[in-house]
Amino acid sequence: MASVRVQETIFQCLSEAESDFPEVQHKALQILCSITKVSPQNRNLLAQTDGAVSAFLSLSKFSSPVVQTLSLSILFNLSLNSNLKLSLAEMETITHLNSVILSPASPESSKLAASLICSLAMLDKNKARFGVAGTIHALVKVASGHRGPAAHHLLSSLAELVRFHGNCTVAVRSGAVEVLLKVVESTDGEDLVGTSLAILGLLARFEEGLSALRKTDQIVSSMLEVLKGRCMLSKEGAAEILLRLFDESEGCVRDALRLPDFASVLADLSLGVRGELERRLVY
């Protein structure tokens, strides 16, 4: 009986979500948002209702920040079900999410669009779709400009997408390495710096990313600055990047040995990380 009542509520709210009266429309969307927030079963019921997903996608294109935010919230809730991730990642949806992060109606819309991208990209089959649709280029472009309240969500989405090799190539060609290093060198919060270093570490797993890092001026001294004064998470990210650079580039090893304070900085690292870096420098 419970599922029958939920289904009736869904039908009624979907009808009212198309209302010309903002109060009615907002209330209907709020109810749908609430019933899908905690119940996987309710998410499946809503997603299986004819025309529901396309309705939310259309509503998320409204100029009203409230309607856009509520519609994106519902789509995000649906994306939490692993069985719905593939069907939700249609090209039309991805293209719209790109437009939202580039020109959001509100900071909350930008956060939700980025969170939805990240959620859908957790399904490996979806990662290539986002790369082909221009999402990575859009994320890098936004990250290169003013970093607002949604910055961490946007970088987290990029981190998830570059786990796929093809997307790593797209990110490097979109200028991600330069943009992320600027975040690292900025005075932004430690969470942004840590996430940026984590992405650079992911890019460094592949030749394109590692090559871009090797060609960056003062890359070793930049990572040394992180080791000197950032939080432990950021230090670990910088150490991982240095390990990869030392493995692949004698020039980077020479640069490190020329830095007068490199040895003293190593002494402050954890024993395991210090040992690995020292081993690379010796051999």
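How much area does the protein chain expose, and what percentage of it do carbon and sulfur atoms supply? The protein chain exposes about 13,400 Å² (Shrake-Rupley method, 1.4 Å probe), and carbon and sulfur atoms supply 54% of that area.

This is a predicted model, in which local features need pLDDT of at least 70 and side-chain atom pairs count only at pLDDT 80 or more, while totals for chains, interfaces and linings use all residues. Residues are numbered from 1 along each chain as its sequence is written, and side-chain values use heavy atoms, with hydrogens and water left out.

Begin with the whole chain in cartoon view. The chain contains 20 helices and zero strands, assigned as DSSP runs (helices: H or I, at least four residues; strands: E, at least two) and numbered from the N terminus.

Next, select Glu160 and Arg163. Their side chains form a salt bridge at 3.8 Å, N to O; the term denotes a Lys or Arg side-chain nitrogen within 4 Å of a carboxyl oxygen of Asp or Glu. Glu160 is buried at 14% relative accessible area, whereas Arg163 is partly exposed at 46% (buried: under 20%; exposed: over 50%; partly exposed: in between; 1.4 Å probe, protein chains only). Add Asp124 and Lys127 to the selection to display the salt-bridge network that links these residues with Glu160 and Arg163.

Move to helix H16 (residues 219-229), where Lys228 and Glu225 are three residues apart, about one helical turn. Their side chains form a salt bridge at 3.2 Å, N to O.

Finish at helix H17 (residues 232-248), which holds Glu240 and Arg244, four residues apart. Their salt bridge spans 3.8 Å, N to O. Glu240 is partly exposed at 37%, as is Arg244 at 29%.
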